[in-house]
Each structure stands twice: as C-alpha cells, then as structure tokens.
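Thanks for sharing this one. Here are a few friendly notes to read alongside the structure.

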Amino acid sequence: MSGWSHRHLLDLASFSREDFAEILELAQRFRSLPVTGVRKLPVLQGRLVVTLFFEPSTRTRNSFELAAKRLSADVMSFSPSSSSLSKGESVLDTARAYVAMGADVLVVRHKSTSVPQQLAADLDQLGKRTMILNGGDGLHSHPSQGLLDLFTLARHFNAQHPMLDVLDGKKVVIVGDILHSRVARSNLWALTACGADVVLCGPPSLLPDDFSAFVDAPPPGLSCDPVMQRGRVTVERRLEQALPGADAVMTLRLQKERMAQQLLTSLERYHRDYGVSHARLQLCGREVPVLHPGPVNRGIEMTSALLDDPSICLVEEQIRNGIPVRMALLYLMTATKSAAEPSLPSFAPISS
Ligand code: CP
C-alpha cells in the first residue's frame with residue numbers, strides 16, 4: 001500500500017527516504033513496461049492533467065504530457081503567448097480557469113521562485129481539490145528533475161534494482177552555475193537523503209561558500225529534517241581537486257543570460273576551468289557517468305565529443321527516465337487520492 005502523503009509536489013526538501021524509495025520503485029516498474037505496441041495503462045482514466053508552463057521547456061513539459069497520456073489521463077497544455085495572459089489575466093485566474101474545467105493536476109513552471117507554492121496555497125484556501133506539481137520555479141526547485149536524476153544514477157549503479165542503498169557513500173560532483181540552479185538545489189536534497197556525498201564545484205560568482213551548509217538546517221516550514229542522516233556537502237573551487245574519487249559528475253547549464261551581469265570574465269575561461277571532457281574525467285580514476293539536465297551549451301559545460309558519447313554521457317538516458325519518473329509522480333498524486341482504496345497498478349494495459 002502506498003505511504004504517499006504529499007498533497008502537492010512543490011520541492012524535495014520535505015521528502016523522507018521512504019518517499020524517494022517509493023518513487024524509484026514505481027518508476028522502475030513503469031520503466032520496465034514495453035514501450036511499443038499496447039502500452040497505455042488505464043489507471044488515470046477520467047483525470048485531467050494540465051501543463052501550465054509560463055517559461056519555455058522541451059523535456060519537462062513534453063515528458064509530463066507523455067507520462068499522463070501513458071496513464072490514460074486527459075491532457076491539456078497552455079502557451080502564455082496564445083492565452084488570455086496576454087490580455088492581462090493573472091496567473092491565479094489562469095490557473096482557476098483550468099480548475100473550473102476540472103483539472104486534477106496543474107504542472108506549473110514559472111520563472112519566479114514560489115509561484116507554484118503560492119498557487120497551491122491559494123487553491124487550498126479556495127477549497128479546491130486540484131493538486132500543484134512544480135515543474136520548476138525560479139532558482140528554487142525542480143523536483144521531477146531531481147527525481148529523474150536520482151533514478152538515472154541509481155539505475156546506472158544497479159539497473160535491475162535501482163534503490164536508495166546503491167547511492168549510499170557515493171561521491172557525486174556537481175559542477176557549474178549552482179547559485180542560479182533549481183536543479184542543483186533539488187539534487188542536493190535528493191542525493192544527500194540517499195546517503196550520497198556531494199561536492200559542489202564552481203567559481204565564487206556562481207557558487208557562494210555557504211552552499212556547503214545547504215542541507216544542514218531543517219527544510220523550510222519543518223521543525224526537523226525528515227531524513228535522519230544525510231550525506232555531506234562540500235565546496236571545491238578547482239575541478240582538478242573535485243574529480244579524484246568521484247563516482248559520478250553532473251554538469252549544469254551555464255545560463256548565458258547572466259553574462260550580462262558579468263559573473264564570468266569569458267565563456268572560454270569558464271570552459272577551460274570547469275568544462276568536462278574525456279581527458280578531464282580521467283582524473284576520477286575510473287570510468288564515471290556524466291549527467292546534465294539539459295539544455296546543454298555544446299562545448300561550454302562539456303565537450304561536444306563527450307555529449308555525443310552515450311557510453312559515458314547519460315543525457316539521453318535522463319530524458320528517457322523522465323517519463324517513468326513523471327508517471328510515478330502523477331500516479332502517486334492522483335490515483336492514490338481516489339475514494340476507493342488504491343491498489344498499486346496491476347499494469348494491465350489497454351490498447352493505445
Ligand atoms: N531539464 C529541463 O528542465 O529541461 P527543459 O527546460 O527542456 O524542460
């Protein structure tokens with residue numbers, strides 16, 4: 001029986017180890033389903049999932065929509081430029097329009113931190129049953145990305161049984177623009193909850209020293225951390241110092257729009273100091289996987305040759321894994337809220 005207790009999914013800070021384990025287990029079951037021929041599961045028939053993206057997306061929005069369709073939900077998407085937002089309608093009123101149409105889940109992405117949280121609070125106050133699933137808000141959180149990265153790493157270390165214990169004691173290096181990365185923040189909560197030690201690496205303008213204490217305090221709004229013992233977080237300025245002994249490397253998108261703020265002297269220098277390449281990975285002392293949430297700036301965060309090497313670079317695997325992870329999230333949030341006691345799906349498919 002599911003122990004899922006989250007009404008909305010806003011971040012990973014409040015997740016217990018059991019929550020992570022439940023997602024991984026269910027994602028692995030969905031991942032194991034055949035992806036050709038008869039492949040739709042009837043578990044979300046009659047449910048409505050709306051992707052409410054106020055910021056561009058390729059991977060997150062489309063994989064949420066595909067995940068919802070594979071569970072037989074009805075799906076609607078929203079485009080800011082062709083919506084009544086351009087006539088001055090507010091974000092809340094836009095959301096309420098979809099609630100009035102019967103939305104069970106709103107997957108929300110916004111460039112401002114905490115918009116999904118505000119919508120969740122507003123809908124709760126209005127007594128609406130619609131759930132908010134954060135598709136990425138400002139610098140704060142990108143929970144489904146953190147979960148698919150966790151799943152991808154767990155599968156890399158144990159493809160048949162990708163559970164939390166395979167990450168215990170692993171050293172994961174996250175390199176790049178950590179200050180502006182919601183992906184890094186979600187990964188910090190997820191990886192340390194599973195016992196991985198995280199080394200953050202980047203220049204001071206993109207990685208303040210105090211990030212080493214990121215998971216030390218109880219998560220916002222909670223009096224104590226739901227995870228008893230987390231892995232450690234350290235900050236290392238030089239990639240040559242960070243890589244030895246690493247089990248995995250995660251690079252992050254360098255947000256070129258921030259060059260206007262003169263956070264870096266040049267892209268060439270950034271690539272020289274923090275770009276990941278086949279040659280540099282040899283410093284790890286073993287063959288290690290490289291992850292990147294995408295979109296990638298080819299030749300800046302990593303060399304083009306590395307990006308195109310699927311034996312090391314897991315970018316395509318991350319995208320593939322995004323679908324079963326998001327199926328698991330939608331299933332846990334919606335199917336387990338029905339009046340009847342949910343049984344985990346028997347996975348009897350219906351024709352597509
Ligand atoms: N990783 C990620 O969030 O990609 P998109 O912006 O394409 O959704």
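**Notes on the domains and the ligand site**

1. The domain assignment splits the chain into domain 1 (17-141 + 320-351) and domain 2 (143-316). Please keep in mind while reading that this is a predicted model.

2. On how the two parts sit together: the centres of domain 1 and domain 2, taken over C-alpha atoms, are 26 Å apart. Their contact involves 29 residues from domain 1 and 32 residues from domain 2.

3. Where does the ligand lie relative to domain 1 and domain 2? Both domains give residues to the shell around the ligand, so the ligand lies between them. The space that the ligand takes is also the largest pocket.

4. Now to the shell itself. Around the ligand you will find Ser57, Thr58, Arg59, Thr60, Arg109, His142, Gln145, Pro293 and Gly294. By residue class, that shell has 6 polar, 2 charged and 1 nonpolar.

5. Which atoms come within reach of the ligand's oxygens? For Thr58, a backbone N or O atom lies 2.8 Å from an oxygen atom of the ligand. Arg59 uses its side chain instead, with a polar atom 2.7 Å from a ligand oxygen. For Arg109, a side-chain N or O atom is 2.9 Å from an oxygen atom of the ligand. On its own the ligand has 250 Å² of accessible area, and the protein covers 91% of that.

6. For a first look on screen, you could start from the ligand in its place between domain 1 and domain 2. From there, pick out Thr58 by its backbone, then the side chains of Arg59 and Arg109.

Methods:
Residues are numbered from 1 along each chain as its sequence is written. This is a predicted model: local features need pLDDT of at least 70, side-chain atom pairs count only at pLDDT 80 or more; totals for chains, interfaces and linings use all residues. Side-chain values use heavy atoms; hydrogens and water are left out. A residue is near a molecule or strand if one of its heavy atoms lies within 4 Å of it. A polar contact is a pair of N or O atoms within 3.5 Å; within protein, one must be able to donate a hydrogen and the other to accept it, and residues adjacent in sequence count only if both atoms are side-chain atoms. Accessible areas come from the Shrake-Rupley method with a 1.4 Å probe; for residues, only the protein chains shown count as cover. On a 1 Å grid over the protein atoms alone, a cavity is a set of points where a 1.4 Å probe fits but cannot get out, and a pocket is an open set with protein on both sides within 12 Å along at least five of seven lines; lining residues have an atom within 4 Å of a point. A molecule sits in a cavity or pocket if more than half of its atoms lie within 2 Å of its grid points. Ala, Val, Leu, Ile, Met, Phe, Trp, Tyr, Cys and Pro count as nonpolar, Asp, Glu, Lys and Arg as charged, and the others, Gly among them, as polar. Domain bounds come from an automatic or database domain assignment. Contact means heavy atoms within 4.5 Å.
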